Amino acid sequence: MSEPILKSEAVIKNYHIDSTEIKVLKGVDIEFHSGEITAIIGPSGVGKSTLLNILGALDYPTSGDVIFKGRRYSVMSEKELSTFRSRSVGFVFQFHHLLGEFTALENVMMPALIAGENRQKAVSKAEELLDKLGLTVRIQHKPSELSGGEQQRVAVARALINEPNIVLADEPSGNLDQDTGRQLSDMLWRLAREKGYCFIIVTHNLELAGHADRIVRMRDGRIEPE
Ligand SMILES: Nc1ncnc2c1ncn2[C@@H]1O[C@H](COP(=O)(O)OP(=O)(O)OP(=O)(O)O)[C@@H](O)[C@H]1O
Ligand SMILES: [Mg+2]
């Protein structure tokens, strides 16, 4: 098997509330490969979002480390981590966090512009992605003028515009009805296969998880043996 693109090593995460310590992740070792779709499942509160945030360098582990293409997060500077997050990782959250005053096209272009892409190229990339996601006629609409499913697809396009190596999705269809959720996941799957992303999705939806290459179960702060 090829080298993993991303791996966690003995990741422990504790939260402190007043004097109480909550042990959320109790030693997570897991590897992910390019071109592979992994679904992470497990009961509410088990630490799925916590793990996803740590894998995407949005949060720090209490101990342990994450390694991307052989490079440890713990030795990266804040600046390197921020470049890594904007260039190499695409995030899709349960609630999309689109910017209300901008159009769909502008929302999708934004990460490309921030990463230093020229405007014309950002526009054409954003148009292409929105087109693939079936939103061609909606590109000039603002989020409030879009349905929930359409907003979520815009959020997906925004996560993919910089052609990340890793795509992390936390319950991307969580607040959508079943049909709309399925449509969204079909599109995500197709794009993940086409582009060969390392795609990690947290979901409660077992049907969706069933279409992944691999299902990882979390229990009591750990990954269950596969
Ligand atoms: N910032 C925080 N401070 C304190 N405790 C936290 C914090 N964030 C999460 N937790 C706790 O850590 C545990 C794991 O939370 P997490 O959000 O990772 O669960 P989850 O598996 O994603 O659950 P769900 O399926 O409901 O989204 C929970 O018990 C939660 O209360
Ligand atoms: Mg969660």
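Me: Contact means heavy atoms within 4.5 Å. Among contacts in the protein with a separation of 6 or more, what percentage comes from residues 24 or more positions apart?

Reply: This is a predicted model in which local features need pLDDT of at least 70 and side-chain atom pairs count only at pLDDT 80 or more, while totals for chains, interfaces and linings use all residues. Residues are numbered from 1 along each chain as its sequence is written, chains are lettered from A and ligands numbered from 1 in the order written, and side-chain values use heavy atoms, without hydrogens and water. For residues 24 or more positions apart, the share of these contacts is 71%.

Me: How many helices and strands does the protein have, and what is its radius of gyration?

Reply: Helices (DSSP H or I, at least four residues) and strands (E, at least two) are numbered from the N terminus; the protein has seven helices and 10 strands. The globule rule (2.2 Å times the number of residues to the power 0.38) is compared with a radius taken over C-alpha atoms. For 226 residues the rule gives 17 Å, so the protein is as compact as a globular protein of that length, with a radius of gyration of 17 Å.

Me: Which residues have the most contacts inside the largest nonpolar core?

Reply: A nonpolar core joins buried Ala, Val, Leu, Ile, Met, Phe, Trp, Tyr and Cys residues through side-chain atoms within 4.5 Å, buried being under 20% relative accessible area with a 1.4 Å probe, protein chains only. Elements that each supply at least two residues of the largest core include α4 (119-132), α5 (148-160) and α6 (178-195). Of its 41 residues, those with the most contacts inside are Leu130, Val154, Trp189 and Phe199.

Me: Which residues are included in the second, separate core?

Reply: This core has 31 residues. Among them are Phe32, Leu51, Leu55 and Phe68.

How values were computed. Buried means under 20% relative accessible area, exposed over 50%, partly exposed in between (1.4 Å probe, protein chains only).
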